[in-house]
Amino acid sequence: MGLFDMFKKAAKPAAPAKPAPVSAAWKSGVVCSPVKGSALQLAETSDPVFSSEAMGKGIAVSPAEEMAYAPVSGTVSAAMPHAVGLVADDGAEVLVHVGIDTVEMNGNGLTCLVGQGDHVDAGAPIVSFSKAKIAEAGKQDTVFVVVTNSDDYAQVAPVPDGPVDAGAVVITLTK
């Protein structure tokens, strides 16, 4: 150690690397799945706000992995540990909400990877979450993707129940 080495500041630990994006089939008029897993209709979920479509029409996915990706290309309108709102480049307003009642976890086990005002491409990572921590908190890890301006569309058509990949089209929008 040289004489002046003691005055050097300790290096900051490197920020964890952001996961790579997934390939997304997004184009105007569609919404992609934010996670890989099993799609189910909103009415089949146990969350009354989402199952009643009070937030809008959409679909839920029981996740197989612990990363949610942007379902559209657009601007982040809201960013919380458990949810991200996006205004798609085509005008669709899309909410990705990780889990049921996970807001009560105060971010424990949930990390938002984007900030309000950011522009993201479909397939970019937006929220990482721990299925184990969500379960430990007594919550469900169902991921919701909802078009909050559903009334602006003649039809918001989710895919049937079944397996989906992150980035695959799960909702078709008709003006």
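In what order do the three strands of the open sheet with β4 in it come? The order is β4-β10-β8, and the pairing is antiparallel. Before going further, keep in mind that this is a predicted model. Here's a quick tour, starting with the whole chain and then moving on to its sheets, one more strand pairing and a couple of residues.

**The chain as a whole**

- Strands outnumber helices here: the chain has 14 strands and two helices.
- The C-alpha trace spans about 75 × 35 × 25 Å when you lay it along its principal axes.
- There are 175 residues in the chain, and 44% of them count as buried.
- If you take the contacts with a separation of 6 or more, 72% of them come from residues 24 or more positions apart.

**Surface and charge**

- About 8,800 Å² of the chain is exposed, and 54% of that is supplied by carbon and sulfur atoms.
- On the charge side, you'll find 19 negative side chains and 11 positive ones.
- The centres of those two sets of charges lie 10 Å apart.

**The β4-β10-β8 sheet**

- Back to the sheet from the opening question, with its order β4-β10-β8: β4 (67–69) and β8 (110–112) stand at its edges, and each has a single partner strand, so one side of each is left without a neighbour in the sheet.
- From one strand to the next, the twist averages 20°.
- β4 and strand β10 (residues 125–129) run antiparallel and are joined by three bridges.
- For a spot to look at in this pairing, try Y69, which stands opposite P125 in β10.

**The β1-β14-β12 sheet**

- Another open sheet has three strands in the order β1-β14-β12, again with antiparallel pairing.
- Its edge strands are β1 (30–32) and β12 (155–158), and each of them pairs on one side only.
- The twist in this sheet averages 15° from one strand to the next.
- Three bridges hold the antiparallel pair made by β1 and strand β14 (residues 169–174).
- Within that pair, V31 has I171 in β14 as its bridge partner.

**Strand β2 and its two partners**

- Strand β2 (residues 37–41) runs antiparallel to strand β3 (residues 57–63), and five bridges join them.
- G37 is a handy marker for this pairing, since you'll see P63 of β3 standing opposite G37.
- β2 also pairs with strand β13 (residues 162–164), in the antiparallel sense and over three bridges.
- There, S38 has P163 in β13 as its bridge partner.

**Two residues to zoom in on**

- H82 sits in the loop between β5 (74–79) and β6 (83–88).
- Is H82 buried or exposed? It counts as buried because its relative accessible area is 9%, and the cut-off for buried is under 20%.
- Apart from its neighbours within four places in sequence, H82 touches V96, H97, V98, T102, V103 and L110.
- E93 belongs to strand β7 (residues 93–100).
- With a relative accessible area of 35%, E93 is partly exposed.
- Leaving out neighbours within four places in sequence, the contacts of E93 are L86, V87, V146, V147, T148 and N149.
- How far apart in space are E93 and M105? They are 12 residues apart in sequence, and their C-alpha atoms are 25 Å apart.

Key. Residues are numbered from 1 along each chain as its sequence is written. This is a predicted model: local features need pLDDT of at least 70, side-chain atom pairs count only at pLDDT 80 or more; totals for chains, interfaces and linings use all residues. Side-chain values use heavy atoms; hydrogens and water are left out. Helices (H or I, at least four residues) and strands (E, at least two) are DSSP runs, numbered from the N terminus. Buried means under 20% relative accessible area, exposed over 50%, partly exposed in between (1.4 Å probe, protein chains only). Contact means heavy atoms within 4.5 Å. Accessible areas come from the Shrake-Rupley method with a 1.4 Å probe; for residues, only the protein chains shown count as cover. Lys and Arg count as positive and Asp and Glu as negative; His and the chain ends are not counted. The place of a charge is taken as NZ of Lys, CZ of Arg, CG of Asp or CD of Glu. Two strands pair if DSSP finds at least two bridges between them. Axes are lines fitted to C-alpha atoms, for helices over the stretch in contact, and angles run from 0 to 180 degrees between N-to-C directions.
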